[in-house]
There are 2 protein chains.
Amino acid sequence: MFSIKFRKSKLYYLDQTKLPQKEVWKQCRNISEGFSAIKELKVRGAPLIGVFAAYCVAVYAKNLNLAKDKFIKEIAKSIEELKACRPTAVNLAWALTELKDTLLKNSNKNTAAIRKALLDEAQKIYRQDIELCNRMAEFGIKLIKSGDTILTHCNAGFLATAGEGTALSLIYKANAVYKNIKVYADETRPLLQGARLTAWELSKRKINCTLICDNMAAYLMQKGKIDKILVGADRIAASGDTANKIGTYSVAVAANYHKVPFYVVAPFSTFDLSIPTGSRIPIEERDPQEVRTVLGKIGIAPENIKVFNPAFDVTPAKLITAIVSDRGVIYPPYNKNIKKLLGGI
Amino acid sequence: MFSIKFRKSKLYYLDQTKLPQKEVWKQCRNISEGFSAIKELKVRGAPLIGVFAAYCVAVYAKNLNLAKDKFIKEIAKSIEELKACRPTAVNLAWALTELKDTLLKNSNKNTAAIRKALLDEAQKIYRQDIELCNRMAEFGIKLIKSGDTILTHCNAGFLATAGEGTALSLIYKANAVYKNIKVYADETRPLLQGARLTAWELSKRKINCTLICDNMAAYLMQKGKIDKILVGADRIAASGDTANKIGTYSVAVAANYHKVPFYVVAPFSTFDLSIPTGSRIPIEERDPQEVRTVLGKIGIAPENIKVFNPAFDVTPAKLITAIVSDRGVIYPPYNKNIKKLLGGI
């Protein structure tokens, strides 16, 4: 099961806005198509948009026929354009910076060689992401045991990465290794990534999954029904403060109140050590229509009602029990331990 | 602005499932129509379903032509049927018990006199509910001040009562008395009473209102944007534990974490002193399709995904700053102070 495909020099993506009703694959041929696919959440998930953007640049370079100087300038411009597409998830900026470095390092070569270097780099990022997912699952598996019921928010599975997922990679592995693993999936308003994507993914993989509305999670914790919480991340500051899909903070506060362990699962590319704390993470605000309607299909509120629609929130490090990375499980104090494990990135 | 009307011996209700797009009034002619209207949430809100059910019995009695013994038996049966319609809100049982007492007290009279007594009682309950709303607003107004930003969950306004509302009656009064009152309304999945009803009500009344998804409330509190929380209630136990729309507990936990005052607003008829604590309040679970779809109109999840869909949750007394009743503001210790103020009910 994949979320993007690169076949015979062509880049395809599963249009996630059509799930769970239809599995529609589309081709991405240039930067503007890639920009729209990411902006409109057809391709989403912090690690995945990094991988996809990298391929997008490589594919664009492949079809771009310009003299070398103009070629380099145009690719560099395209990379910056894509970076601005979504501000919160740092993986996008990280992957595109890798591509830009590749571009600059190879700028003394001819355009054919630059094209090849960009594609090689994109494929490296792709393969690496698959491997990162596996490693997070290997390190994180020790946090789970047979009989666990796990709550997750938004989608952090194979639809959010090139591999098996961040938070969900642990669930897939736990389901293979242990017995009686159960999952509750928050539907995750406004764009319903939990209902549309996580419930679909987990069903495909025959995981025992129950869908709830976001506002039911605290009630389940009150009833003692949740053993652990696993979520992905869009950006983790040096302090451990973690930006993730809006609603994650609400879950973390409830987990703290009910003493339910709250785990964040993310690869090194989601860490941003240039940012000391979460207050510096830019939070994307999106179209009010996402809240006034459901998926743009039906209106559910007065037409001109004011709306506040942040796409992410920041969970402070003190509410996070541990962060599962591809280099190991990180415990508090995060300031020290993140640097120790990931200081070289 | 009304939610039900009794005109020329006929009972009408505003079909709340059609809001905010259309204002559709329907007539209720008998018990089975009343039962459906309540069950399908065309008429909802704890105080309102009590008032509406009382009128429903009176209207049914008016049109029922049976010999006296059969008449009494049939009305008594209808009252029990209606009581079973929704289990959590106690106002329904309370109002119908008043009607049953009236029926029994007048059973020595002829059917015409019994009919009149039932209608008088329904009208008394109706007028009383309007008055209760006004009193709650009068007592509660002292908890609010100019510049306050108030978060509310679900709908506790004129659509939930015969009068101005429970929680929203305070907001309407505060808006008239103070300056710069702002409201955030939780959309309240799955049935979106916040988006469809509260946003509509507050807009009609020109209140400065911003709509959010339920999972954004904690984030707003983190940002220091919420001064107070006001919610209604469906049943309050002797301990102060309060059942209200699902998601209320999540808001209360977040309020506690952020030290934001959390107020419940409810009339005496919402208190159930026969129940010592919240664990004894029956929680209605509703159709999974409410979660798998939005308002039955569009599917948002895999068709057969398991769902957990409790319609209410219970907020423990320790998370409630005060309860605003029609007899005064009640502070902890609730066990003692509720009994003191409402022991006679």
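**Exercise 1. Determine the strand order of the open eight-stranded sheet in this predicted model, and identify its edge strands.**

Solution. Step 1: the order of the strands is β17(A)-β16(A)-β10(A)-β7(A)-β4(A)-β5(A)-β6(A)-β14(B), and the pairing is mixed. Step 2: a strand at the edge pairs on one side only, and this applies to β17 (328-330) of chain A and β14 (306-307) of chain B.

**Exercise 2. Describe how strands β10 and β16 of chain A are joined, and state which helix packs on the sheet against β10, β16 and β17 of chain A.**

Solution. Step 1: strand β10 (residues 262-265) and strand β16 (residues 322-325), both of chain A, run parallel and are connected by three bridges. Step 2: within this pair, Ile323(A) of β16(A) is the residue opposite Val264(A). Step 3: the helix that touches β10, β16 and β17 of chain A is α5 (residues 111-140) of chain A, whose direction makes about 135° with that of β16(A). Step 4: another helix of chain A, α9 (residues 248-258), lies across β4 (149-152), β5 (182-186), β7 (228-231) and β10, and runs at about 145° to β10(A).

**Exercise 3. Compare the expected and actual span of helix α2 (residues 46-62) of chain A, and decide whether the helix is enclosed or open.**

Solution. Step 1: with 17 residues at 1.5 Å a residue, α2 of chain A should span 24 Å. Step 2: the C-alpha atoms at its ends are 25 Å apart, which agrees with the expectation. Step 3: since 16 of the 17 residues of α2(A) are buried, the rest of the structure largely encloses this helix.

**Exercise 4. Establish whether Asn91(B) is buried or exposed, and list its contacts beyond four places in sequence.**

Solution. Step 1: Asn91(B) belongs to helix α4 (residues 90-105) of chain B. Step 2: its relative accessibility is 1%, and the limit for a buried residue is under 20%, so Asn91(B) counts as buried. Step 3: its contacts, with neighbours within four places left aside, are Ala46(B), Pro47(B), Gly50(B), Asp234(B), Pro267(B), Ser269(B) and Thr270(B).

**Exercise 5. Name the residues with the most contacts inside the largest nonpolar core.**

Solution. Step 1: this core has 160 residues, and Met221(A), Ile229(A), Met221(B) and Ile229(B) have the most contacts inside it. Step 2: Met221(B) touches, among others, Leu151(B), Ile226(B), Ile229(B), Val251(B) and Val260(B).

**Exercise 6. Find the relation between chains A and B.**

Solution. Step 1: chain B is superposed on chain A by a rotation of 180° with 0.0 Å of shift along its axis, at an RMSD of 0.0 Å. Step 2: this is therefore the relation of a two-fold axis. Step 3: both copies use the same surface, as 100% of the contact residues of chain B recur in chain A.

Technical notes. Residues numbered from 1 in each chain as written. Chains lettered and ligands numbered in written order. Predicted model: local features only at pLDDT ≥ 70, side-chain atom pairs only at ≥ 80, totals over all residues. Heavy atoms only, no water. Least-squares fit on C-alpha atoms with pLDDT ≥ 70 in both. Contact = heavy atoms within 4.5 Å. Pairing = 2+ DSSP bridges. Helix = DSSP H or I, 4+ residues; strand = E, 2+ residues; numbered from the N terminus. Axes fitted to C-alpha atoms, helices over the stretch in contact; angles between N-to-C directions. Expected span 1.5 Å × (residues − 1). Buried < 20%, exposed > 50% of the residue type's maximum accessible area, 1.4 Å probe, protein only. Core = buried A, V, L, I, M, F, W, Y, C linked by side-chain atoms within 4.5 Å.
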